[in-house]
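Student: Could you take me through one helix pair in close detail, from its geometry to the residues that meet?

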Amino acid sequence: MADTQHYVRQDVRGFLDMLEQMGRPGVEELPVEEGREGMRMLGALAEAEPRQLPVIRDVTCPGPTGDIPLRFYDTKETRAPGPCVVFIHGGGFTIGDLEVYHSLCTEICHQLDLPVVSIDYRLAPEHPFPAAPDDCEAAARWIASSPAELGRQFTGLVITGDSAGGNLTIVTTNQLCARPAKVPVIVQAPIYPVADDIREHQSLKDFFEGFFLTGAAMAWFTDNYGGDPSDPRHTPMAGDCSGAPPTVLCTAGLDPLRDSGRSYAAHLIQQGTEVCYLEFPGIIHGFTTLRKAIPSGQKDLDSFLAAIRLMLERHAN
């Protein structure tokens, strides 16, 4: 049952109560493959239907140890040169895939009216750190080169993703700022990211259990990933973030990761980066892929994507 001292939206409370009644074991209690299947099943139950788009196709790009699967979305069969969205999915570096995030990618593509490429990077524990950042950087550089397989001329990248994908959004952006790709990162847009060491944050204590993403699950993801907290490719705020491009960042009010997003937004603002920071009260981690179960999250996603459009209008030309 959600803690009554915090504001919880009615549809969020209904979703949390449903999960409690289902009595599903935590992801940390399951074999990894069952955790992955559980995320797919929850998505099928709780996520909005995908948008119908004229272009949805699977492609691959070269990666450090073999081809990386990607999914390419577009609202147009052909289009003039312009930006491309690079999407990096969440799931604690351990679960999550192209299918779980398919509906969200169609929504981003529809609302921004831009091509989107979703990256199916290698997952831990089979492929621990730094496999995920290696794959995401390789894929982003390939996309930036306007490869023939995509049939588009890209002028810049918008890199976005949620949770672990929010972390990888920041890490990939930092890598492409330190050693530029063929086109620049115009905007980065992490969704409830992990940006620093979360262990001392009040939000982890406040929402340790009972709010969908638990502290126990976070510890399990961290163990599986096997990264070095002092490495900026694992913990972005452990390194230099001074080259960050204009940033749109959102957090959820009932998220154990909330204060990590707050800290990163404040850090960027203090160093002079242009930031649009949105915190959505009364909603939980993961809401962008739970929009059928938590309908109010659609308006929050709409606001986040509107902020990206605004930032692009300011910086895309």
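Tutor: Helix 4 passes helix 5 in a right-handed crossing, a term used when the near helix is turned clockwise from the far one by less than a right angle. This is a predicted model, in which local features need pLDDT of at least 70, side-chain atom pairs count only at pLDDT 80 or more, and totals for chains, interfaces and linings use all residues. Residues are numbered from 1 along each chain as its sequence is written, and side-chain values use heavy atoms, leaving out hydrogens and water.

Happily, the pair is easy to locate: helix 4 covers residues 131-144 and helix 5 covers residues 164-178, with helices taken as DSSP runs (H or I, at least four residues) numbered from the N terminus. They pack at an angle of about 55°, and their axes lie 9 Å apart. Here axes are lines fitted to C-alpha atoms over the stretch in contact, and angles run from 0 to 180 degrees between N-to-C directions. That angle makes helix 4 oblique to helix 5, because angles under 35 degrees count as roughly parallel, over 145 as roughly antiparallel, 65 to 115 as roughly perpendicular and the rest as oblique.

Now for the residues themselves. From helix 4, Ala132, Pro133, Cys136, Glu137, Ala140 and Arg141 take part, and they meet Leu168, Val171, Thr172, Gln175 and Leu176 of helix 5 (contact means heavy atoms within 4.5 Å). Sorted by class, this contact has seven nonpolar, two polar and two charged residues; Ala, Val, Leu, Ile, Met, Phe, Trp, Tyr, Cys and Pro count as nonpolar, Asp, Glu, Lys and Arg as charged, and the others, Gly among them, as polar.

For another pair to look at, helix 3 (residues 102-112) and helix 9 (residues 297-315) pack at about 50° with axes 10 Å apart, and their crossing is right-handed.

Conventions: Helix = DSSP H or I, 4+ residues; strand = E, 2+ residues; numbered from the N terminus.
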